[in-house]
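User: I am new to this structure and would like to go through it step by step. Please keep each answer short and end it on the value or name I ask for.

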There are 2 protein chains.
Amino acid sequence: MSVDLLVQKINEKGNPSVAGLDPKIDYVPGYIRKKAYAEYGQNLKGATEAIWEYNKGLIDALYDVVPAVKPQSAFYEMYGIHGEEVLHRTISYAKKKGLYIILDVKRNDIGSTAEAYSKAYLGKVDIDGVECEPCGVDCVTVNPYLGTDGVMPFVKDCKTYDKAIFALVKTSNPSSGELQDLITDVSHIYEKVAECVNKWNEGTIGKSGYGAVGAVVGATYPEQATTLRKIMKQSYFLVPGYGAQGGGAKDVVPCFNDDGLGAIVNSSRGIMCAYKKGDWKEEQFAEAARAEAIRMRDELVSVIK
Amino acid sequence: MSVDLLVQKINEKGNPSVAGLDPKIDYVPGYIRKKAYAEYGQNLKGATEAIWEYNKGLIDALYDVVPAVKPQSAFYEMYGIHGEEVLHRTISYAKKKGLYIILDVKRNDIGSTAEAYSKAYLGKVDIDGVECEPCGVDCVTVNPYLGTDGVMPFVKDCKTYDKAIFALVKTSNPSSGELQDLITDVSHIYEKVAECVNKWNEGTIGKSGYGAVGAVVGATYPEQATTLRKIMKQSYFLVPGYGAQGGGAKDVVPCFNDDGLGAIVNSSRGIMCAYKKGDWKEEQFAEAARAEAIRMRDELVSVIK
């Protein structure tokens, strides 16, 4: 099972964290930008080639420290077709380095359209009898607002292609409560979604005790995380909001089970922009990212145990 | 205002409908597929070149009948980078033909990531002082599950770049009620979202009386549509579910205001696959699509008035 592979990689690295690859152009060191603009032009193509150099440096520095990377699709889509191409290139490169790939796309739609999204990232497409794999990541994020028939096509492909998903349950942003915290009969919407996650997760449980359907649960709401950990015992949590968004190491503890498993904590800016803090030079961006990933690993391990 | 442009195009064509461009490969006539596979290979590239020929034929046949087209991003993303390229090519072509472009992407995220998605489709990106437009459609669909701070970056760009969005409120699929129909204090979740839409729509109202923030309201739930029409008086409705999904012309009536405006009804398969019904030959797919678009227009106009 794909989630077993994630657990295996977490155990191998002794590190329950994932490095977000959200390459805003102002994260990229100036010398890399200048070089790319000189070679490709100061345009969408130049920007994405700068991002590619940056991503490659980060992956090279991180692949033996972190079990997984999480590219955020928005930061590639914003550069149009060139951005899409560099997203695919980044995914291929990270796969070759043995990293587990969680592609953060938050896709959602119904019926055959949800099937198409699932095929796009987790599955294969049938071209009059010839099977092709358009992307082939290990895992994607999914928005559950459309209900079961928007999620089951992904779950079906999790079973067929041995993949996993994280459904948004309680997100880390300030206004997440507008809908997610509303109370309906006796429980909050996020608890209702959590019950759906359990239903969607049925029949996908692997050797690790976890299933293919995980949940996004923000580090910024530890009380809700405590509740959700109890409801979704067999779901892995993808935890955004650590570091830059205000969630500290203590705040992520409720996302973990007593065995130290059950959650993977994301840091994007904290790792990617580590070189902007302290005495690092721009040219040391990768070294700084590695040092921050190691610091984060050690901090997480110390609070979980 | 972008929504005024939509209303203008609807009035010019006398047609409150939008043609969905959801090109599943088995929708594409066999002779087009064969030709593309022979030239480009029976692979992702061949499939997308077949889709491009098909889309071009459809747009040529429809551009003077319908005011708008709605490409469904999933059916391009499923062919990887080649699919993305043909999506951009299709959008450019439809823009040149004077069509209003609603890109159905259902994007959603928080803060700076929502900004990135908005820039990707509605706005421009700043590359160290050089502004580039990655895609530039008129309008996108947005999923509201993350609340206000996931939607406001899009609304901001609607104001800056004169664009529009449709937020998912009540979707057309069978399980849409699992979350959307839950009752919280006195109202359903979809009514809560509708109230959010009103809030997000403030300050964006154009000459037509409608604002930049519209709502997706499925044709399959006419009672809910009646309620929602009353709550969101200044929002245009994008109405899926007509035809193939079971919603009839009568069912869409509650989505319209008394002046015959306020809604645009989508048909994808009904128009795209019109050639598969009746005595059409494959080669007549575009002619058949045009005939169905005219039939749908006349049916809608007859029930609204």
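**Strands, helices and the contact between chains**

Analyst: In this predicted model, strand β3 (residues 100-107) of chain B has eight of its eight residues buried, so β3(B) is largely enclosed by the rest of the structure.

User: Which residues of β3(B) are buried on one side and which on the other?

Analyst: Both faces of β3(B) are covered. One side holds B:Y100, B:I102, B:D104 and B:K106. On the other side the buried residues are B:I101, B:L103, B:V105 and B:R107.

User: Which residue of β3(B) is the bridge partner of B:V69?

Analyst: Strand β2 (residues 68-71) of chain B pairs with β3(B) in the parallel sense, over two bridges. Within β3(B), the bridge partner of B:V69 is B:I101.

User: And which residue of β6(B) is the bridge partner of B:I102?

Analyst: β3(B) also pairs with strand β6 (residues 139-142) of chain B, in the parallel sense and over three bridges. In β6(B), the partner of B:I102 is B:C139.

User: What is the phi of A:K106?

Analyst: A:K106 lies in strand β3 (residues 100-107) of chain A. A:K106 counts as buried because 28 other C-beta atoms lie within 10 Å, where the cut-off is 20 or more. Most residues other than glycine have a negative phi. A:K106 is not a glycine, yet its phi is positive, at about 45°.

User: Is B:D162 buried, exposed or partly exposed?

Analyst: B:D162 is in the loop between α7 (148-161) and β7 of chain B. Although not a glycine, B:D162 has a positive phi of about 55°. With 16 other C-beta atoms within 10 Å, B:D162 falls between the limits of 12 or fewer for exposed and 20 or more for buried. B:D162 is therefore partly exposed.

User: Within what arc do the buried residues of α10(B) fall?

Analyst: Helix α10 (residues 222-231) of chain B has B:Q224, B:A225, B:L228 and B:R229 buried. These buried residues line one face of the helix, because seen down the axis of α10(B) they fall within an arc of 140°.

User: What covers the buried residues of α10(B)?

Analyst: The other side of α10(B) has B:E223, B:T226 and B:K230 exposed. The cover over the buried residues includes, from chain B, β7 (164-170), α9 (189-201) and β10 (213-217).

User: How many residues of α9(A) are buried?

Analyst: Helix α9 (residues 189-201) of chain A reaches 18 Å from its first C-alpha to its last, close to the 18 Å expected at 1.5 Å a residue. Among its buried residues are A:I189, A:Y190, A:W200 and A:N201. Just after α9(A), A:G203 takes a positive phi of about 80°. The helix is mostly covered, the buried count being 10 of its 13 residues.

User: How far is the C-alpha of B:A212 from that of B:W200?

Analyst: B:A212 is in the loop between α9 and β10 of chain B. B:A212 is buried, with 27 C-beta neighbours inside 10 Å, and its contacts include B:M1, B:V155 and B:N201. B:A212 and B:W200 are 12 residues apart along the chain, and their C-alpha atoms are separated by 8.8 Å.

User: Which residue of chain B has the C-alpha nearest the axis?

Analyst: A turn of 180° and a shift of 0.0 Å along the axis lay chain B on chain A with an RMSD of 0.0 Å. That is the relation of a two-fold axis. At 2.2 Å from this axis, the nearest C-alpha in chain B is that of B:T184.

User: Which helix gives the largest share of the side of chain B that touches chain A?

Analyst: The contact takes 58 residues from chain B and 58 residues from chain A. On the chain B side these divide into 29 nonpolar, 18 polar and 11 charged. The largest share of that side, six residues, comes from helix α6 (residues 111-121) of chain B.

User: Which residues does A:N173 touch?

Analyst: A:N173 is in the loop between β7 (164-170) and α8 (177-180) of chain A. A:N173 is buried, with 23 other C-beta atoms within 10 Å. Not counting residues up to four places away in sequence, A:N173 touches B:I110, B:G111, B:L146, B:D149 and B:G150.

Definitions and conventions: Residues are numbered from 1 along each chain as its sequence is written. Chains are lettered from A and ligands numbered from 1 in the order in which they are written. This is a predicted model: local features need pLDDT of at least 70, side-chain atom pairs count only at pLDDT 80 or more; totals for chains, interfaces and linings use all residues. Helices (H or I, at least four residues) and strands (E, at least two) are DSSP runs, numbered from the N terminus. The arc is that of the directions from the helix axis to the C-beta atoms. Two residues are in contact if their C-beta atoms, placed from the backbone, lie within 7 Å. Copies are superposed by least squares on the C-alpha atoms of residues with pLDDT of at least 70 in both. Ala, Val, Leu, Ile, Met, Phe, Trp, Tyr, Cys and Pro count as nonpolar, Asp, Glu, Lys and Arg as charged, and the others, Gly among them, as polar. The expected span of a helix is 1.5 Å times one less than its number of residues. Two strands pair if DSSP finds at least two bridges between them.
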